[in-house]
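Reader: I'd like a close look at one part of this structure, please: the surroundings of the ligand. After that, carry on into the helices and any odd backbone spots, and keep it plain.

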Amino acid sequence: MANGLDDVVAADTVLSDVDGAGGHLTIRGHSLTELAAHWRYGQVVRLLFDGFFDELPGDAELEKAIGDARVEVFERLQPMLTELAPLHIYSAMRAGIALLPDGDGLADALRLTAAPAVLTPALLRLSRGKKPIAPDASADHAADMLKMLGGTASPALAKALDTYLVTVCDHGLNASTFATRVVASTQAGLTSAILAGLGALKGPLHGGAPGPVIEMLDAIEASGDAAAWLRDEIARGERIMGFGHRIYRVRDPRADVLKAVVRRLGARSQTSSGKAGSRLAFAETVEQAALDVLRIAKPQRSIQTNVEFYTALLLEAAGFPEEAFSNVFAAGRVAGWIAHAREQQVTGRMIRPQSRYVGPVPDLVA
Ligand code: ACO
């Protein structure tokens with residue numbers, strides 16, 4: 001048995017399907033491409049929650065309820081934010097979420113959906129010595145997240161962030177979703193389950209990769225030779241962040257969706273060395289160099305671009321600092337975690353696999 005449970009089917013789900021050979025992602029009967037092009041995050045939350053809560057309202061009402069939940073979370077947690085702000089932004093967000101009630105109802109689900117979007121900008125502002133900006137219940141979720149960050153948000157940027165949240169809302173039984181389901185299977189509350197997902201998402205092999213992608217782009221730019229830099233990394237046994245996936249053997253479809261978003265945004269930014277230029281054009285050069293280097297260095301494995309590579313560019317363009325990238329990922333994925341937690345809870349079955357003991361055995365008395 002592989003330590004990573006490769007190919008083990010551990011749940012039946014109606015929520016999403018990852019076709020690793022074909023490079024397709026289906027979310028409740030819809031292709032990612034369709035959702036990313038035509039749906040808002042609030043609508044996707046409704047799609048994921050449908051059937052898992054008795055009293056689920058229609059699209060418009062649910063989006064309004066998410067707005068109300070943003071305000072409620074802000075008002076509940078505001079007194080504690082100053083204490084949390086000195087922590088790393090991810091730990092601070094997780095600590096804030098841990099303070100929310102731990103029930104299983106729609107109100108709990110909406111608070112948890114709202115929480116990363118509220119806590120991330122508020123904590124970022126406090127860590128920069130600025131006052132948090134209160135949420136606007138009537139605003140669109142992504143637009144409000146940007147407004148809470150900086151007070152204004154262009155419609156193009158808000159749309160880009162909304163598409164990002166839709167793109168990462170759910171993705172089969174990835175590590176954080178599995179962790180969420182394990183905790184939910186004990187009939188612990190949704191907050192406990194989401195905290196497990198947050199713990200798993202933090203790691204650099206999962207949701208913690210996009211921050212290092214920016215560091216990699218800066219280091220490669222400073223080195224002046226992408227291929228040589230990448231070859232050195234692999235020779236030192238390091239992994240190239242933003243590449244490779246347990247399930248996809250072809251390009252991650254989310255990478256294409258996000259690349260198109262970044263291109264539309266015309267994301268222009270200064271690289272860390274101060275030279276003007278397009279981050280996107282540079283990243284495309286690095287991507288091609290990485291694919292070439294990986295093809296030669298790891299011929300036994302098809303290692304392709306994953307979602308995190310263009311996530312880094314999009315979130316940088318949206319004004320989030322690297323250290324908050326995983327927070328924004330959580331702001332999108334939280335809806336999928338909640339739906340999976342509910343789906344697991346209703347099975348009534350606790351997840352309790354076996355391990356095989358391979359340690360020393362006690363001496364048996366003859
Ligand atoms: N860079 C260099 N080598 C890699 C990479 C990479 N990004 N990914 C896999 N490999 C190599 C491994 O070193 C290994 O080589 P070896 O056989 O010579 O030892 C081989 O490919 C297989 O590696 P596994 O760990 O079995 O591959 P797995 O499919 O489990 O890895 C993972 C998936 C963890 C995502 C990996 O590709 C990785 O570490 N990528 C970099 C981190 C990253 O981008 N994470 C975000 C993933 S997307 C998400 O979770 C939202």
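**Around the ligand, and on through the helices**

Author: The ligand has 20 residues around it, and L205, A209, R239, I240 and G244 come nearest; a residue belongs there if its C-beta atom, placed from the backbone, lies within 6 Å. Sorted by class, that shell holds eight nonpolar, seven polar and five charged residues. (Nonpolar covers Ala, Val, Leu, Ile, Met, Phe, Trp, Tyr, Cys and Pro; charged covers Asp, Glu, Lys and Arg; the others, Gly among them, are polar.) Keep in mind that this is a predicted model, where local features need pLDDT of at least 70 and side-chain atom pairs count only at pLDDT 80 or more, while totals for chains, interfaces and linings use all residues. Residue numbers start from 1 along each chain as its sequence is written.

Now for the helices, beginning with α8 and α9. Helix α8 covers residues 175-185 and helix α9 covers residues 190-201. (Helices are DSSP runs of H or I with at least four residues, strands are E runs of at least two, and both are numbered from the N terminus.) The axes of α8 and α9 come within 7 Å and cross at roughly 150°, which means that α8 is roughly antiparallel to α9. Axes here are lines fitted to C-alpha atoms, for helices over the stretch in contact, with angles from 0 to 180 degrees between N-to-C directions. Under 35 degrees counts as roughly parallel, over 145 as roughly antiparallel, 65 to 115 as roughly perpendicular, and the rest as oblique. The α8 and α9 crossing is right-handed; that is, the near helix is turned clockwise from the far one by less than a right angle, whereas anticlockwise would be left-handed. On the α8 side you'll find A175, S176, T177, A179, T180, V182, V183 and A184, and they meet S192, A193, I194, A196, G197, G199, A200 and L201 of α9. (Contact means C-beta atoms, placed from the backbone, within 7 Å.) That contact has ten nonpolar, six polar and no charged residues.

Next up is α6, residues 141-150, against α7: they pack at an angle of about 120°, with axes 8 Å apart. Again, α6 passes α7 in a right-handed crossing. From α6, A142, A143, M145 and L146 meet L157, A158, L161, D162 and L165 in α7, giving eight nonpolar, no polar and one charged residue.

α7 also turns up around α14, since the buried residues of α14 pack against α7 (155-167), α10 (210-223), α12 (253-265), α13 (279-297) and α15 (325-347). Helix α14 itself (residues 307-317) is mostly covered, with eleven of its eleven residues buried. (Buried means 20 or more other C-beta atoms within 10 Å of a residue's own, exposed means 12 or fewer, partly exposed is in between, and C-beta atoms are placed from the backbone.) E308 and E316 are among those buried residues, along with F309 and Y310. Just past α14, G319 takes a positive phi of about 100°.

α15 has another partner in α2 (residues 41-49): their axes are 9 Å apart and the packing angle is about 15°, so α2 runs roughly parallel to α15. This crossing is right-handed too. V44, V45, L48 and F49 of α2 meet A335, G336 and A339 of α15, and the contact divides into six nonpolar, one polar and no charged residues.

α15 also helps cover α4, together with α3 (59-84), α5 (106-127) and α9. Seven of the ten residues of α4 are buried, so this helix is largely enclosed by the rest of the structure; the buried ones are I89, Y90, A92, M93, R94, G96 and I97. A95 sits in α4 as well (residues 89-98), but it counts as partly exposed because it has 17 C-beta neighbours inside 10 Å. Leaving out residues up to four places away in sequence, A95 touches L84 and L87. T113 lies 18 residues along the chain from A95, and their C-alpha atoms are separated by 15 Å.

Last, the odd backbone spots. Most residues other than glycine have a negative phi. D7 is not a glycine, yet its phi is positive at about 65°. D7 lies in the segment before β1 (16-19) and counts as exposed because it has 8 C-beta neighbours inside 10 Å. R28, also not a glycine, has a positive phi of about 45°. You'll find R28 in the loop between β2 (24-27) and β3 (30-31), where it counts as partly exposed because it has 17 C-beta neighbours inside 10 Å.

How values were computed
Contact = placed C-beta atoms within 7 Å.
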